[in-house]
Amino acid sequence: MEPKVYIDGKLYPKSEAKISVFDHGLLYGDGVFEGIRVYSGRIFRLNEHLDRLYESARSIGLTIPLSRGGLEEAVIYTVKTNGLRDAYIRLVITRGVGDLGLDPHKCENGSVIVIVDKIQLYSEKLYKEGISVITASTRRVSPDMLNPLVKSLNYLNNILAYMEANQAGCPESLMLNAQGLVAECSGDNIFIVKKGELLTPGPDQGILLGVTRAVTIELAGKLGITVHESKLTRHDIYVADECFLTGTGAELVPVISLDDRTIGDGRPGPMTGKLFKEFRKLRENEGKKLFA
Ligand code: PMP
């Protein structure tokens, strides 16, 4: 069956799910979005994703044309209609239809789009064996330009970094901030393990505050692992005991090399393994069950 896409209160078959070419989401990347997972018929951390979406929208002065409850209902309705127990939800709010100028006030209403589809970013083999990453020469946009805390539709910065990874034959690239310190990857947050403790860049380093990052910090707390939000250099990653990335699509994926430097012994480490196992346990049991 063709997936059904929700656009502004109606469901359309995928092939007919279309928006105007005058939508400023298309013309200028003017809008915000979320990527959310469904595991075993439960939406994972929906509240946290909606919190971030509404904050992103507020930050760019965009009114989401649905109440929080209404938007939650729209997401649940679309997931149920598509009947997928394991899925990826893409929730998009665009500025809406305007004219060809920049002025967002000419856009009368924002548009709400909910897409539900399948996803597998990495093979099980890569989760077991780990991935190689390179440092992109494309730096992360500075918070004083466009704050990376805003999950906006303007992802060109990240796409350019992703293309560099592709050229190097890697599935992800590390992005530094304007100061040359570690920020995050093109679509994931980064953690290292050093001497039994976890380190990850903080929001002051110009990152998106990932929902999976927060889950990882929570799990570490439960396991009695100390977590530091730290300023990290590439050197810190080269000499780390372990390294892994977190993201809604990637979940928690081990990194075994950066810029051809082997991290640890070149295999996913024990703390990464422990957190990975806990994450997989958690994801099966969280959220309201939508399907019997
Ligand atoms: N950083 C960036 C730039 C991202 O796009 C994402 C989402 N793919 C993340 C980090 C991870 O965030 P989350 O865990 O909320 O998916």
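## Close-up views of a predicted model

**View 1. Arg 45 and Glu 218 reach each other across the chain.** Their side chains meet in a salt bridge, 2.8 Å from N to O; the term stands for a side-chain nitrogen of Lys or Arg within 4 Å of a carboxyl oxygen of Asp or Glu. This is a predicted model, so local features need pLDDT of at least 70 and side-chain atom pairs count only at pLDDT 80 or more, while totals for chains, interfaces and linings use all residues. Residues are numbered from 1 along each chain as its sequence is written, and side-chain values use heavy atoms, with hydrogens and water left out. Arg 45 sits in the loop between strand S4 (42-43) and helix H2 (46-59), and Glu 218 is in helix H6 (residues 211-222), 173 residues apart. Helices (H or I, at least four residues) and strands (E, at least two) are DSSP runs, numbered from the N terminus. Arg 45 counts as buried at 9% relative accessibility, whereas Glu 218 is partly exposed at 34%. Buried means under 20% relative accessible area, exposed over 50%, and partly exposed in between (1.4 Å probe, protein chains only).

**View 2. Helix H8 holds a salt bridge of its own, between Lys 281 and Glu 278.** The closest N and O atoms of this pair are 3.3 Å apart. The two residues are three apart in helix H8, about one turn of the helix. Glu 278 counts as partly exposed, at 23% relative accessibility. Elsewhere, salt bridges that share partners tie Arg 37, Glu 124, Glu 251, Arg 280, Arg 283 and Glu 284 into one network.

**View 3. Here is the pairing of Tyr 39 and Phe 44.** Rings of Phe, Tyr and Trp (its six-membered ring) pair if their centres lie within 6.5 Å; planes under 30 degrees apart count as stacked, over 60 as edge-to-face and the rest as tilted. A search of the whole structure turns up six aromatic pairs. In the pair of Tyr 39 and Phe 44, the centres are 5.7 Å apart and the planes at 75 degrees, so it is edge-to-face. Both rings belong to buried residues: Tyr 39 has a relative accessible area of 3%, and Phe 44 comes in at 6%. Add Phe 279, and the three form one aromatic cluster.

**View 4. Now for the largest nonpolar core, with 38 residues.** A nonpolar core is a set of buried Ala, Val, Leu, Ile, Met, Phe, Trp, Tyr and Cys residues joined through side-chain atoms within 4.5 Å. Leu 174, Leu 198, Ile 237, Leu 245 and Leu 275 have the most contacts inside this core. Helix H8 (residues 270-285) gives the most to it, with five residues. A second, separate core of 28 residues includes Val 32, Leu 71, Leu 84 and Val 150.

**View 5. Val 255 sits in strand S14 (residues 251-258).** At 5% relative accessibility, Val 255 counts as buried. Leaving out residues up to four places away in sequence, Val 255 touches Ile 131, Val 133, Cys 243, Phe 244, Leu 245 and Ile 263. Contact here means heavy atoms within 4.5 Å.

**View 6. Ser 230 is tucked into a loop between strand S12 (227-229) and helix H7 (234-238).** Ser 230 is buried, with a relative accessible area of 16%. Neighbours within four places in sequence aside, Ser 230 is in contact with Leu 199, Thr 200, Pro 201 and Gly 202.
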